[in-house]
There are 2 protein chains.
Amino acid sequence: MRTYFPVAMVSKNPDHSVEIEISEEISGLRMTRQRREVYRILQQQRNHPTANDVFMRVKDRLPNISLATVYNCLEALVQHGIIRQVNFDRESSRYCPNLSEHGHFHDATTGVIHDVSFKPGINLADVLDLPPGAIIDGVEVTLRGKLVTS
Amino acid sequence: MRTYFPVAMVSKNPDHSVEIEISEEISGLRMTRQRREVYRILQQQRNHPTANDVFMRVKDRLPNISLATVYNCLEALVQHGIIRQVNFDRESSRYCPNLSEHGHFHDATTGVIHDVSFKPGINLADVLDLPPGAIIDGVEVTLRGKLVTS
DNA sequence: ATTATAATTGGAATAGTTCTTGATATTGAT
DNA sequence: ATCAATATCAAGAACTATTCCAATTATAAT
Ligand SMILES: [Mn+2]
Ligand SMILES: [Mn+2]
Ligand SMILES: [Zn+2]
Ligand SMILES: [Zn+2]
């Protein structure tokens with residue numbers, strides 16, 4: 001059972017750009033300028049960017065930020081349960097701001113990663129033959145395939 | 001729908017050691033001495049070893065084999081659907097000879113990886129809200145947690 | 001203000017994996 | 001059996017995502 005905090009307030013401007021207010025502290029993690037901008041990008045660009053993707057985008061607002069800091073920020077956000085890290089095989093890690101329980105479908109044709117939720121009422125542990133005594137801390141469901149748009 | 005080939009014959013000797021006969025060719029892949037020994041180790045040591053684990057063990061029988069060759073063999077076996085590659089986050093890849101559809105439970109206490117099968121009659125695609133038109137080629141289910149042996 | 005603690009930066013280091021190149025082995029045809 | 005074509009292997013170099021390190025800067029506490 002996870003508790004969700006209202007970490008961000010989204011509002012639309014007249015010019016359709018999106019403003020995100022991010023509080024000073026989230027889940028006990030101090031929101032420095034770097035962490036705030038990294039988190040903002042994940043909120044806005046919800047296509048599971050890599051650390052390098054985030055690095056390139058964040059430079060618009062913080063030209064002096066380093067890639068190491070982006071990794072540090074992402075790790076801090078992951079550690080505090082504010083974002084999720086998503087891995088496909090041996091590819092670069094990707095990052096996801098969607099905290100609801102979901103899996104990932106990787107479309108081999110376009111490379112796009114789609115969030116996939118479980119059908120209502122489904123508990124993954126129920127459909128698996130777990131070893132007796134297993135306490136599940138985390139689940140990852142990854143799918144590969146194609147999206148046929150007939 | 002996957003077709004299974006009878007790739008190995010297992011027999012026990014009087015001294016309880018295990019002999020494995022591996023055919024000359026599997027799924028169109030030529031079984032060289034190196035590939036045969038790599039595959040034999042995966043069959044015998046069913047604890048999802050890393051490439052380096054396999055490398056260390058295979059040197060008993062092929063003292064001159066190189067790590068690159070172990071990687072090449074593992075890749076060839078994976079490519080031909082004879083074994084599976086298993087990844088946990090950013091850890092080293094592990095290899096699994098169990099071709100039946102199954103997931104992996106990683107016990108954080110012992111480090112042991114347990115194969116986890118789906119309950120009979122369960123089709124994972126049925127419990128997921130897939131994007132319309134999605135054709136699933138592969139599924140990966142990974143669990144982390146503890147095994148309480150009370 | 002001073003001091004202590006935490007975060008950031010840039011570059012070096014690490015580690016798993018892949019690539020390259022030359023040697024060896026295997027296959028298939030003569 | 002000989003030869004040419006192809007496949008595989010070995011050794012080490014190269015690659016790349018990520019982490020580590022040391023120095024600097026920012027923030028928090030007193
Ligand atoms: Mn990308
Ligand atoms: Mn190991
Ligand atoms: Zn996601
Ligand atoms: Zn397995």
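Trainee: Which residue of chain A comes closest to the rotation axis?
Mentor: That residue is Val141(A), whose C-alpha lies 2.4 Å from the axis. Please note that this is a predicted model, in which local features need pLDDT of at least 70, side-chain atom pairs count only at pLDDT 80 or more, and totals for chains, interfaces and linings use all residues. Residues are numbered from 1 along each chain as its sequence is written, chains are lettered from A and ligands numbered from 1 in the order written, and side-chain values use heavy atoms, without hydrogens and water.

Trainee: What rotation superposes chain A on chain B?
Mentor: A rotation of 180°, with 0.0 Å of shift along its axis, does so with an RMSD of 0.1 Å. The two copies are thus related as by a two-fold rotation axis. The fit is by least squares on the C-alpha atoms of residues with pLDDT of at least 70 in both copies.

Trainee: And why do the copies meet through the same surface?
Mentor: Because 100% of the interface residues of chain A are also interface residues in chain B. Contact here means heavy atoms within 4.5 Å.

Trainee: Turning to the DNA, how many residues surround strand C?
Mentor: There are 16, and the closest are Thr32(A), Gln34(A), Thr69(A), Tyr71(B) and Ser93(B). Of the strand C atoms that come within 4 Å of the protein, 86% belong to sugar and phosphate. A residue is near a strand if one of its heavy atoms lies within 4 Å of it.

Trainee: Which side chains lie by a phosphate oxygen of strand C?
Mentor: Among them, Thr69(A) has a side-chain N or O atom 2.4 Å from such an oxygen, and for Thr32(A) the distance is 2.6 Å. From the other chain, a polar side-chain atom of Tyr71(B) lies 2.5 Å from a phosphate oxygen. Polar contacts of this kind pair N or O atoms within 3.5 Å.

Trainee: Which element gives the largest share of that surface?
Mentor: The element is α3(A), with three residues. As for residue classes, the surface near strand C divides into four nonpolar, eight polar and four charged residues.

Trainee: What about strand D: which residues come nearest?
Mentor: Of the 15 residues around strand D, the nearest are Tyr71(A), Ser93(A), Thr32(B), Arg35(B) and Thr69(B). Sugar and phosphate make up 85% of the strand D atoms within 4 Å of the protein.

Trainee: Where do backbone atoms come in?
Mentor: Polar backbone atoms of Ser66(B) and Asn64(B) lie 3.4 Å and 3.5 Å respectively from a phosphate oxygen of strand D.

Note on methods
Polar contact = N/O pair within 3.5 Å; in protein donor to acceptor, adjacent residues only side chain to side chain. Helix = DSSP H or I, 4+ residues; strand = E, 2+ residues; numbered from the N terminus. Nonpolar A, V, L, I, M, F, W, Y, C, P; charged D, E, K, R; others polar.
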